[in-house]
Amino acid sequence: MSHQLSVIGTGVIGNGWIARALANGWDVVAFDPDPAAKARTRAFVDNAWPSLQRRGLAEGADPARLTFVESLEAAVAGAGLIQENVPERLALKREILAAIDAAAAPDAIIGSSTSGFKPSDLQQACTNAPGRVIVAHPFNPVYLLPLVELVGGEVTQPGQIEQAQARYRELAMRPLVVRREIEGHIADRLMEALWREALHLVNDGVATTEEIDAAVIYGCGLRWSLMGTFLTFHLAGGDAGMRHMLEQFGPALKLPWTKLEAPELTNELIDKVVEGCEHQAAGRSVAELDRRRDDFLVEMLDLVQKYWPEAEGLEGRI
Ligand SMILES: NC(=O)c1ccc[n+]([C@@H]2O[C@H](COP(=O)([O-])OP(=O)(O)OC[C@H]3O[C@@H](n4cnc5c(N)ncnc54)[C@H](O)[C@@H]3O)[C@@H](O)[C@H]2O)c1
């Protein structure tokens, strides 16, 4: 299998895939209709490269192994792995995936980065081999975060997901197979729940964006990066673990603490959230904050690896 990744759509996520593949010594062929895309991608890879160097580059890794082409068909021809990253609009995704499906080699795997759509909804317009169109949902920054959620649809055969797992592992990722397709997969469901609550807290004037972020940064977030929700709460129950935790805090689950329904995104709420974030950024550009986050993640990944040496898929360079 050739080590070539085809990237369709080179925004934040497409560029993240490009940087990851290049750092792993792959060839990358990219297509994006925006005339500014090529320059943007070069700048993106330049910005990401120092942290990728610190993580350790694969043999042959070279930003010059990226080629931009003028059509989707030229980008996907001959590729073993194709990653679709166009904007999150169902009609557009369907159109682009149908075009990829028509032009791709029969044994190619076609992964969509969609954050929310189910693979069966994406497969519908594909007439060639729709079963190989799967969801392969990454996390920003794609070049550092190892998780990729793999989801098959109604016409996906089990073997296709296993093949995809192997391919994404070759990109040094940690595939998580989602057993049943649902909107938002697994991780976005969790992030969405927290996000709704956070917006309510701002909307109700309980806390600023900065205060809510502090609650995550100095509290629950530190624990989550090592143990997630369940194992963290298992420890919260003391020696008796989760059973005692549920006995103690279970009744609170019935109290109407959390809202779950999203608040109305009024102009006032949008202003509060945007102004709060700008205050937190304190004049630093997104690119500057990207570099700070990347430096942190490089060290954090080492720590996760150090404290979970037995974790599947986290061995070696991730
Ligand atoms: N941003 C995130 O944090 C995040 C995380 C995980 C997954 N995703 C998913 O990744 C996908 C892309 O999101 P993004 O944040 O990179 O969006 P983006 O807006 O940054 O980039 C989209 C890119 O697609 C290009 N594009 C538009 N029409 C196209 C076409 N017909 N053919 C090829 N390219 C086309 C645009 O020019 C742009 O460069 C979405 O499905 C999103 O849900 C996003």
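**From an exposed leucine to the buried cores**

Leucine 190 counts as exposed because its relative accessibility is 57%, where exposed means over 50% relative accessible area, buried under 20% and partly exposed in between (1.4 Å probe, protein chains only). This is a predicted model, in which local features need pLDDT of at least 70 and side-chain atom pairs count only at pLDDT 80 or more, whereas totals for chains, interfaces and linings use all residues. Residues are numbered from 1 along each chain as its sequence is written, and side-chain values use heavy atoms, with hydrogens and water left out.

Leucine 190 lies in helix α7, residues 187–203; helices are DSSP runs of H or I with at least four residues, strands are runs of E with at least two, and both are numbered from the N terminus.

Glutamate 84, in strand β4 (residues 81–84), is buried, with a relative accessible area of 0%. Apart from neighbours within four places in sequence, glutamate 84 is in contact (heavy atoms within 4.5 Å) with residues including Ile8, Lys93, Leu97 and Ser112.

The largest nonpolar core, a set of buried Ala, Val, Leu, Ile, Met, Phe, Trp, Tyr and Cys residues joined through side-chain atoms within 4.5 Å, has 37 residues, of which Trp17, Ile18, Leu52, Tyr168 and Leu171 touch the most other members. A second, separate core holds 23 residues, among them Ala79, Ile82, Ala104 and Cys126.

In helix α11 (residues 286–307), the buried residues are Asp294, Leu297, Val298, Met300, Leu301 and Val304, and these pack against α2 (37–55) and α8 (209–236).

How values were computed
The expected span of a helix is 1.5 Å times one less than its number of residues.
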